[in-house]
Amino acid sequence: PSCLGYPLSIFFIIINEFCERFSYYGMRAVLVLYFKYFLQWDDNLSTAIYHTFVALCYLTPILGALIADSWLGKFKTIVSLSIVYTIGQAIMSVSSINDLTDHNRDGSPDNVSVHIALSMIGLILIALGTGGIKPCVSAFGGDQFEDHQEKQRTRFFSIFYLSINAGSLLSTIITPILRAQECGIHSKQRCYPLAFGVPAALMAVALVVFIVGSRMYKKVQPQGNIMIQVSKCIGFAIKNRFRHRSKEFPKREHWLDWASEKYDKRLIAQTKMVLKVLFLYIPLPMFWALFDQQGSRWTLQATTMDGNFGSIQIQPDQMQTVNPILIIIMVPVVDALVYPLIKKCKINFTPLRKITVGMFLASLAFVAAALVQVQIDKTLPVFPAAGQSQIKIINLGTNDATVQFEPKLQSVDVMSMKSMGYMTFETSQLQSLNIASGNKTINAVVKLPGGSRHTLGVKNTATGIDIKWLFDNVTSKPEEGNNLIRFINNLPDAVNVTMGDTSFGTLMPLSASNYNLFPGGRKDKIVAIGNSIPCSVTSKAFGFGSAYTIVINQCVGDTLNVTYSEDIPPNTVHMAWQIPQYFILTCAEVVFSVTGLEFSYSQAPSNMKAVLQAGWLLTVAVGNIIVLIVAGASKLSEQWAEYVLFAALLLAVCIIFAVMAYFYTYTDVNEIEAQLDEEEKKQAKKDQDVYEKQSEAVSQM
């Protein structure tokens, strides 16, 4: 059956691919944040495990291709590995259910190792599944066409690529929204089970759709795997060359010619072409090392930025959607506009030059990321080191106050109802404080633990100066753009404080509440009830990633009078500043990735495409392993320096590649194939002549 000149089975394959990519990219988009916030890993471990997973996903295709070509055939391989994949996604979803081990119901899992074990099993199964079916699905699609449908087949591959990007685009938008929901049985949490569950459901849909089309598919029997033949041929050549290493054996033109005793000329010629391309692949992993950090480092960078786009609030993991959106726009633009313009300028923009430009652009994108990081670092608060203490003063009284840090460290004046930002002291040096306000003075001995922040409330009252020490237990910026809020009661009576839906309980005079988390970018109503009279005010709009102490000063009528003291400044660098680096990196991807595969296919015989596909995916895997090595080996404490390091490494590799490309001579595959055909014909004719002569001789006897 056919539709619009295409085999009907194609539509099932495209829908299957769309669902599978949705499932994979959706899960991958929230993965690094799941590690960080749910499993409570630090940035470096989260990045490391993320890249290990991606590397696995690109190593397993080689396995998938072997199984399909030598044993099960493509159809059975896709079905059986999709089942493994669906189970993996389901396990991943279960692993993120916080109520699974949260017995004391405090909102965080009690036994994290159970969750870690489950998610690692889930990720391994997913890597097996997604990797194993990756080489089979597109090839299986190509199998559905007859030989005369060359045009349709080419168009199928474009639609196929489009469905990959559509799937990844939609899932990168939708999954973070699901993650940002609140859900849970006993306590409200970020909804990771939903963010992993929807991809799992779609994977199941992909599997069902694929099986439903079963009767229409053209199923080609497994032909044996060309990769195995190529490897054997290379292995034999090396062994044979080693055996004949002494001087008396004549040299051969190419080391692969040593395989000619056992393998036919055609296979050797094809293997030479493949190796020539694979040699060029050696520098390429460095590009992927940078490219795949969009999902790890760049997403973590976005968590320290301001995601307020007017009416829309962007989640850090949603910034990754910039890439598929731009791809869908850029591929046609580059093909229809940019390349023709370059051609008009009489520049010969060869595929290898395109790849070199792609590497250069990716390196540039990381310089842009480093510049953004420098801006972010300027806004990050400095927290005390181990032997230091930080003190902030809030004057709660109606008179100005002067605080002298003894012995003679420094002196500050704090206006009435104002606060003074954090000052850093060596814990061992600071011994006491002298506080003067109005006409009263007080001396207080100070004993603080090192490495912590404290707030000192000072109030001049009728009977003297009251002081109140608060321990500020926040030693990092609130994540995901949330804000931390706490209250100090500066009224003469106890009050019950709520803000939005969160109750801070009853606060005694001059006492403070604990910090509570609030989503970023919102205004909430503050209600204080003292002596059963409610008093309220709408808070100011807090930014993203800040911490505030709100002082409740008085109640006039039913309006509350409050002052805000900023403990940690909000994220001020806007997420839109990430767009330039995403744009440059997407341009790099368009000239690099699309060209890379086309070039490989044009430089090798058609039956060797599987080997090149495997080599290409291998470069992605190695790239992710490079991230592990570089990020692990470089003990750079500054994130911007790590970005610059990666940019420099890629630039160096880019120069090496440019030199390799300069000496590369393009192969005309058809010409070589034609020559081989010609030789084979001649050989056949020779054999035929010999045979005829022999039979003549026999008949004359």
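Which residue in E9 is the bridge partner of Thr402? In this predicted model, the bridge partner of Thr402 is Asp413 in E9, and the report below starts from that pair of strands before turning to a sheet, a pair of helices, two single residues and the chain as a whole.

**Strand E8 and its partners**

Strand E8, which covers residues 401–406, pairs with strand E9, residues 410–414, in the antiparallel sense over 5 bridges. The two strands form a hairpin in which 3 residues lie between E8 and E9, and Lys408 in the turn has a positive phi of about 45°. E8 also pairs with strand E11, residues 432–437, again in the antiparallel sense and over 6 bridges; here Val403 has Ile435 of E11 as its bridge partner. As background, the strands of a sheet pair through backbone hydrogen bonds, and they may do this in a parallel or an antiparallel way.

**An open sheet**

Elsewhere in the description of the strands there is an open sheet of 4 strands, with the order E10-E7-E13-E14 and mixed pairing. Strand E10 (419–426) and strand E14 (464–472) stand at the edges of this sheet, and because each has a single partner strand, one side of each is left without a neighbour in the sheet. From one strand to the next, the twist averages 25°. Strand E13, residues 452–461, runs antiparallel to E14 and is joined to it by 9 bridges, and Arg453 stands opposite Asp472 in E14.

The antiparallel strand pairs described so far can be set side by side.

| Strand pair | Bridges | Residues opposite each other |
|---|---|---|
| E8 and E9 | 5 bridges | Thr402 and Asp413 |
| E8 and E11 | 6 bridges | Val403 and Ile435 |
| E13 and E14 | 9 bridges | Arg453 and Asp472 |

**Two helices that cross**

Two packed helices are described by the angle between their axes and the distance between the axes. For helix H5 (residues 150–180) and helix H11 (residues 322–344), the axes come within 8 Å and cross at roughly 145°, and the crossing is left-handed. The contact is made by Asn165, Ala166, Ser168 and Leu169 on the side of H5, and by Pro324, Ile325, Ile327 and Ile328 on the side of H11.

**Two residues in helices**

Is Ser593 buried or exposed? This residue lies in helix H13, residues 579–602, and its relative accessible area of 10% is under the 20% limit, so Ser593 counts as buried. When neighbours within four places in sequence are left aside, Ser593 is in contact with Tyr161, Trp288, Ala588 and Trp616. Gln675, by contrast, has its place in helix H16, residues 669–700, and is partly exposed, with a relative accessible area of 47%. Between Gln675 and Arg522 there are 72 Å in space, C-alpha to C-alpha, while the two are 153 residues apart in sequence.

**The chain as a whole**

The secondary structure of the protein chain comes to 16 helices and 22 strands. Along its principal axes, the C-alpha trace spans about 140 × 55 × 50 Å. The radius of gyration is 33 Å, whereas a compact globule of 701 residues would have one near 27 Å. Of the 701 residues, 51% count as buried, and the accessible surface comes to about 32,800 Å², of which 62% belongs to carbon and sulfur atoms. Finally, among the contacts in the chain with a separation of 6 or more, 71% are accounted for by residues 24 or more positions apart.

How values were computed: Residues numbered from 1 in each chain as written. Predicted model: local features only at pLDDT ≥ 70, side-chain atom pairs only at ≥ 80, totals over all residues. Heavy atoms only, no water. Buried < 20%, exposed > 50% of the residue type's maximum accessible area, 1.4 Å probe, protein only. Contact = heavy atoms within 4.5 Å. Pairing = 2+ DSSP bridges. Axes fitted to C-alpha atoms, helices over the stretch in contact; angles between N-to-C directions. Rg over C-alpha atoms; globule rule 2.2 N^0.38 Å. Areas by Shrake-Rupley, 256 points an atom, 1.4 Å probe, with all protein chains shown as cover. Left-handed = near helix turned anticlockwise from the far one by under 90°.
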